[in-house]
Amino acid sequence: MKILVTGGAGFIGSNFIFYELAKHPEDSIICVDLLTYAGNLETLESVMSSPAFKFIKADIADQQAIYTIFESEKPDIVVNFAAESHVDRSIENPALFLTTNVMGIQVLLDACRIFGIGRFHQVSTDEVYGDLPLDRPDLLFTEETQIHASSPYSASKASADLLTLAYSRTFKVPVSISRCSNNYGPYQFPEKLIPLMIANALNNKPLPVYGKGENVRDWLYVEDHCSAIDLIIRHGKEGDIYNIGGNNERTNLEVVQTIIHELGRGRIEFVKDRAGHDLRYAIDPSKIHRDLGWLPSTAFDEGIRMTIRWYLDNKAWWQRIISGEYQKYYERMY
Ligand code: NAD
Ligand code: TDX
């Protein structure tokens, strides 16, 4: 089987490529990525020379480029990770989020419709459901929860989900959607909470916690997200949505304090809150467990230790990022 993975030079996409090549050596992967600030070919170094892997630099919103790839490569499955993925950047520049996350997916779905596909899988997020109150731990997002996006990022991802479902109903494109909670693990860009805090602590910079640090996120080790997507694209029902999460809720403050404890260093600085900051995300993953037998295999305490170890062992990877384009953005934000 030939799997076209978009956004494979980013955090989750690259981890998915490693997972697939190891688990299904009979399959081949074509990675299509624009190599934006978040895409890093260095991450894919270990698979670049594999005969089962091919990299193509292209923009998912570039119709001609995408049609040419579909025509020449004839993929069996498309897994779409490509996106602008950072909420704070979407508050700074919403337009880019619409171009990639909405127009880009329309181009991909049209390509699937025109050239044919076995499955188009959209990698979505729990953020499309909006947020939950902090004082109602009984409430969780299910697949039936109404879409209620808060940020330009989550609105663009919700639009992508709606387009995916529309192409399924109108054009009978075989689709599936997964909505996952916050991921963490190796190769995450150091603008997201966990790698930013690790990098700042190691660079003797303050750890910027938004507001009072009371917001809650539901954390999942990236490999568990990859195993869930692998199951959905092979055994998931066409047209279905699957929530993915590990029942691992933590306040931001708890996460940052864990990192400080594990590293033995780091100083918190409470900073201005994010505009429209979602209070709490919490996924009910019972459908994917019931229907596909999926369960996460990495507990948070173990996952955070493995992640910290990875950032300690791979300083060159993230130090290069911090000294480059990201630095300019970082200076504008703080
Ligand atoms: P990331 O920012 O690390 O990677 C995104 C990748 O997409 C980069 O390699 C980038 O170069 C590429 N890209 C961006 N615009 C492109 C375009 N126009 N054409 C082709 N490639 C383009 O993101 P991530 O954290 O790995 O997230 C991957 C996907 O998973 C996203 O769709 C995101 O919405 C979703 N998701 C992320 C999380 C999370 O916690 N990180 C949770 C749930 C869902
Ligand atoms: O410096 C920071 N300080 C801080 O307190 C940063 C970067 C974040 N935060 C807070 C904001 C959030 O409550 O930490 C929490 C996590 O922030 P992010 O890492 O930016 O993630 P989040 O906004 O929750 O979105 C993530 O999860 C869902 C991903 O970035 C999305 O791509 C995914 O869809």
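Which elements cover the buried residues of α6? I opened the notebook with this point and worked outwards from the helix. The model is predicted, and I read every entry below with that in mind.

**Entry 1: helix α6**

I looked up what lies over α6 and found that the cover of its buried residues includes β7 (182-184), β8, α8 (252-263), α10 (300-313) and α11 (315-322). The helix is mostly covered, with eight of its 10 residues buried. I listed the buried positions as Leu193, Ile194, Pro195, Leu196, Met197, Ile198, Asn200 and Ala201. Just after α6, I noted that asparagine 204 takes a positive phi of about 60°.

I then followed Met197 into the interior. The largest nonpolar core has 83 residues, and Met197 is listed with Val5 and Val79 as having the most contacts inside that core. Setting aside residues up to four places away in sequence, I found methionine 197 touching Leu207, Val256, Ile259 and Gly266. As background, nonpolar side chains in soluble globular proteins tend to be buried together.

**Entry 2: ligand 2**

I next examined the surroundings of ligand 2. Around this ligand stand 16 residues, of which Ser85, Thr125, Lys192, Leu193 and Tyr210 come nearest. Two elements give two or more residues to this shell, namely α6 (193-202) and β8 (207-210). The most comes from β8, with three residues. By class, I recorded six nonpolar, six polar and four charged residues in the shell around ligand 2. Leu193 thus appears twice in my notes: as a buried residue of α6 and among the residues nearest to ligand 2.

**Entry 3: ligand 1**

How many residues surround ligand 1? I recorded 30, and the closest are Gly7, Gly10, Phe11, Gly39 and Ala83. At least two residues of this shell come from each of α1 (11-23), α4 (94-115), β5 (119-125) and β7. The most is given by α1, with three residues. I noted the classes as 14 nonpolar, 12 polar and four charged. β7 therefore enters my notes on two counts, as part of the cover of α6 by the list and as a contributor to the shell around ligand 1; I draw nothing further from this, as the general rule I keep beside it concerns only how nonpolar side chains tend to be buried together.

**Entry 4: aspartate 273**

I turned to Asp273, which is placed in the loop between β12 (268-271) and α9 (286-292). Is aspartate 273 buried or partly exposed? I count it as partly exposed, because 13 other C-beta atoms lie within 10 Å. Leaving aside neighbours within four places in sequence, I found aspartate 273 in contact with Tyr210 and Gly211. Aspartate 273 and tyrosine 210 are 63 residues apart in sequence, yet their C-alpha atoms are 4.5 Å apart in space. Tyr210 is also one of the residues that come nearest to ligand 2.

**Entry 5: the loop between β2 and β3**

I looked up Leu34 in the loop between β2 (28-33) and β3 (53-57). Leucine 34 is partly exposed, with 19 other C-beta atoms within 10 Å. Beyond four places in sequence, its contacts are Gly39, Lys57, Ala58 and Asp59; Gly39 is also among the residues closest to ligand 1. Leucine 34 and glycine 118 are 84 residues apart in sequence and 24 Å apart in space, C-alpha to C-alpha.

Leucine 35 is found in the loop between β2 and β3. I noted its positive phi of about 55°, although leucine 35 is not a glycine. With 14 C-beta neighbours inside 10 Å, leucine 35 counts as partly exposed.

**Entry 6: asparagine 247**

I found asparagine 247 in the loop between β10 (241-244) and β11 (249-251). Its phi is positive, about 50°, although asparagine 247 is not a glycine. I count asparagine 247 as partly exposed because it has 16 C-beta neighbours inside 10 Å.

**Entry 7: the whole chain**

I closed with the totals. The chain comes to 12 helices and 12 strands. Its radius of gyration is 19 Å, which agrees with the value near 20 Å of a compact globule of 334 residues. Along the principal axes, the C-alpha atoms fill a box of roughly 55 × 45 × 35 Å. Buried residues make up 48% of the 334 residues. Of the contacts with a separation of 6 or more, 83% join residues 24 or more positions apart.

From the record, I noted that UniProt, in an unreviewed entry, places the feature "domain: NAD(P)-binding" at residues 4-307. Over residues 4-307 I recorded 40% helix and 18% strand, with the end C-alpha atoms 27 Å apart.

Technical notes. Residues are numbered from 1 along each chain as its sequence is written. Chains are lettered from A and ligands numbered from 1 in the order in which they are written. This is a predicted model: local features need pLDDT of at least 70, side-chain atom pairs count only at pLDDT 80 or more; totals for chains, interfaces and linings use all residues. A residue is near a molecule or strand if its C-beta atom, placed from the backbone, lies within 6 Å of it. Helices (H or I, at least four residues) and strands (E, at least two) are DSSP runs, numbered from the N terminus. Ala, Val, Leu, Ile, Met, Phe, Trp, Tyr, Cys and Pro count as nonpolar, Asp, Glu, Lys and Arg as charged, and the others, Gly among them, as polar. A residue is buried if 20 or more other C-beta atoms lie within 10 Å of its own, exposed if 12 or fewer, and partly exposed in between; C-beta atoms are placed from the backbone. Two residues are in contact if their C-beta atoms, placed from the backbone, lie within 7 Å. UniProt positions are given in the numbering used here, feature names are shortened, and annotations may be inferred rather than shown by experiment. A nonpolar core is a set of buried Ala, Val, Leu, Ile, Met, Phe, Trp, Tyr and Cys residues joined through C-beta atoms within 7 Å. The radius of gyration is taken over C-alpha atoms; the globule rule is 2.2 Å times the number of residues to the power 0.38.
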